[in-house]
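User: Could you take a close look at one chain for me, and then at how the copies sit relative to each other? I'd like a connected account I can read beside the model.

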There are 4 protein chains.
Amino acid sequence: MPSTPLRRTGRPRSTEADRAILDATRAALVELGWGKLTMGDVAARAGVAKTTLYRRWAGKNELVVDAVAALFDEHLELPDRGSLRADVEGVVLQFASLLERPETKTALMAVVAESTRDDALRDRIRSAIVDRQKSLVLIGRARAQTRGELPREPDETQAARNADLIFDVIAGAVVHRTLVSAEPVDEEWARGFTALVVGGLTAGAG
Amino acid sequence: MPSTPLRRTGRPRSTEADRAILDATRAALVELGWGKLTMGDVAARAGVAKTTLYRRWAGKNELVVDAVAALFDEHLELPDRGSLRADVEGVVLQFASLLERPETKTALMAVVAESTRDDALRDRIRSAIVDRQKSLVLIGRARAQTRGELPREPDETQAARNADLIFDVIAGAVVHRTLVSAEPVDEEWARGFTALVVGGLTAGAG
Amino acid sequence: MPSTPLRRTGRPRSTEADRAILDATRAALVELGWGKLTMGDVAARAGVAKTTLYRRWAGKNELVVDAVAALFDEHLELPDRGSLRADVEGVVLQFASLLERPETKTALMAVVAESTRDDALRDRIRSAIVDRQKSLVLIGRARAQTRGELPREPDETQAARNADLIFDVIAGAVVHRTLVSAEPVDEEWARGFTALVVGGLTAGAG
Amino acid sequence: MPSTPLRRTGRPRSTEADRAILDATRAALVELGWGKLTMGDVAARAGVAKTTLYRRWAGKNELVVDAVAALFDEHLELPDRGSLRADVEGVVLQFASLLERPETKTALMAVVAESTRDDALRDRIRSAIVDRQKSLVLIGRARAQTRGELPREPDETQAARNADLIFDVIAGAVVHRTLVSAEPVDEEWARGFTALVVGGLTAGAG
DNA sequence: GATTAAACGAGACGGTACGTCTAGTCTTGAA
DNA sequence: TTCAAGACTAGACGTACCGTCTCGTTTAATC
């Protein structure tokens, strides 16, 4: 979300412009990819002056993170599929189909790359993307524990560590398969991967 | 490696220049990161004309892939540590320490991002980086099978699929932890992760 | 002067604002010169909204002409110094000291430059600046004729032509010396110049 | 003239570009005037990149001075017309017709205005325009002295002062008549003006 | 030893995009 | 209706790199 300076006087910022800009950004990502996307082009697509972009976002990175983060909000959820195995497999396929979208494909890695040099950007990614995904892990684990598929962690520190680990394993494998290995995450792969993870989780517990 | 057009006449290309350019590229990555690295700056650092860069590499992406790939060659190996568990833990820590380097940190994700739009770049990454890492998986699995820690795959197709899966799980988790979650891969994390993976591999087998 | 549309309803315009704006304009001219003077800056200095400027003046040019014209009103007069020679020398030094002011120095040439492309601006300059200066020529000549230093013109057309000529010679020389040659108009120069002009006027008559 | 750094290595600057840029600048001045002339537009007209302009000239002011100065070189000369009166009248009409050109009309005053704030620009104007005009005064006076129309100055200091005075009177009157009063310099005006100046010069001497 | 052909440095070239700035207009709520 | 505040469109600014090109100068292998 753009910075909201909470003013009281003067003309208020156009909320339409916000939407138009983010939509235009996603459209430009699809057509041009991260590398060729330009601020001027986004402004033109949104029917907005460049100044209006820069009044809200400090630069390309911030804008793209926000534009992409919105997709994570809309497309990640964890319906109860009845078993840990089904839940993991479901979220893997769901996440993979999100990563296959042309607007996320390039943009995600690009902003991650930038974030290694930019603390503000890293925080933005963490709160806009990472934390939202992690919450799915927490939900899924709680369900599995309720079902008796997974033991409860002895203490909170350990619980948090395990959640982080599971998150990096699942998200990391899907991202790596999709973007680095550049191979499709199909049902077969998801089945194999889920077997490995669920096996590891239950074996490690036993 | 830069393109070598196999000429016979004329002044041969300076091999010093090759080295100087790759060194300069890594130095520039450390200081500036991917985003601020420019061809002109690399040329100046290397004491070389811009033309000389473009005579050898098509652009920034190709140059950086080669500069980073050299590090993968030098720093990835798989000594026999006596057990599957020790081998996995070792390679995880080794890969993590490579990713912590400032010259790889940004560069790797950046070229991956670019590769989603550029097939030639994807091939270069695959042969220069991905395949070299995968070969470690093959070596490690063969050892584990020799030791009797893992069963032999029934057929080659399945063997290849499993190797790819293990590769994406291990590399993906380390990359994601390091770059996306932006948390350190320390021995504790490596232990937990290894337990999960080895548990999954042996459980899935049993 | 700003346009005064003689309204009766609504909040009346602040007369303080008029003065504050013109003062701020002159202050900005001194500090920044014509080129760097901005409407936003003038508004801020005057403690006034930009809207208020545009409600009174059509743009930068009009505003600056008015701000400068006020100085011409205050600082140009022609006391009777007893002789044609003394009157000319006096007005030359007076005009020169006005042109030496930093707020007139740049502004005058700048608005003249703009006026070559803008008829409305040319008229504004003519009535706000040129005509006021010309009236001094008429006064001075009438005195000189009364004193018998100059003959009376045979007809009005010729009289007008001569007045225009004298005006352009005196004002032109002072402006050119000050702004183009960028040399000071000191008493010595004024003496030499006056000798030339008065010599020409009386010789031409004889 | 653009800055000439006298290099020996590297690709030499295109002399065609120099000409094309100055021509384009004059064309743009005619069409748009000083205020609307933009560097980008000049570059486009000249078929040249903006960078190429900025490599040679520091900005709009410098470029326009050079573009206009070229006209002064080409169009100001002082053929011997047989008498001081004829020489003065000739140069007045010649200078007036130069000032009437749309490309000089606005530009000259505009750069003079800027020069009041910019010493480098003032120097450029002095050497590119003022000094060249002054040399005509020196030539004309020498001729008049040879003809016996004017006395020789007693010393050099006085000679220089007089030359400067005559220059400011002639150039100033023509500029002021043309640009400030915005009236035409026709033969009649030139005759009247010449009578005044020549009268003053010879009367002052007598 | 002379020739030759490519690689070399330097740096100008046409372009594209950047992020900033200013002009002048429009929209809000308070006076 | 004006005011202060400030967001808005439009577009020029000067900078930085891009990747290409044109020079004149090495430099090794061939003649």
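Analyst: Happy to help; here is a walk through chain A, followed by the pairing of the copies.

This is a predicted model, in which local features need pLDDT of at least 70, side-chain atom pairs count only at pLDDT 80 or more, and totals for chains, interfaces and linings use all residues. Residues are numbered from 1 along each chain as its sequence is written, chains are lettered from A and ligands numbered from 1 in the order in which they are written, and side-chain values use heavy atoms, with hydrogens and water left out.

Let's begin with the fold. Chain A has 9 helices and 0 strands, where helices (H or I, at least four residues) and strands (E, at least two) are DSSP runs numbered from the N terminus. Its C-alpha atoms fill a box of roughly 60 × 40 × 30 Å along the principal axes.

One part carries a record: UniProt, in an unreviewed entry, places "domain: HTH tetR-type" at residues 15-75 of chain A. Such annotations may be inferred rather than shown by experiment. Over residues 15-75 the chain is 87% helix and 0% strand, and the end C-alpha atoms are 23 Å apart.

Now for packing and surface. Of the 206 residues in chain A, 50% are buried, meaning under 20% relative accessible area (1.4 Å probe, protein chains only). Among contacts in chain A with a separation of 6 or more, 65% join residues 24 or more positions apart; a contact means heavy atoms within 4.5 Å. The accessible surface of chain A is about 9600 Å², with 51% belonging to carbon and sulfur atoms, by the Shrake-Rupley method with a 1.4 Å probe.

As for charge, chain A carries 29 positive and 30 negative side chains, and the centres of the two sets lie 6 Å apart. Here Lys and Arg count as positive and Asp and Glu as negative, while His and the chain ends are not counted.

Finally, the copies. A turn of 179° with a shift of 0.0 Å along the axis lays chain B on chain A with an RMSD of 0.2 Å. That is the relation of a two-fold axis. The same surface serves both copies, as 100% of the contact residues of chain B recur in chain A. The superposition is by least squares on the C-alpha atoms of residues with pLDDT of at least 70 in both copies. Of the residues of chain B, B:Gly200 comes closest to the rotation axis, at 1.7 Å (C-alpha).

How values were computed
The place of a charge is taken as NZ of Lys, CZ of Arg, CG of Asp or CD of Glu.
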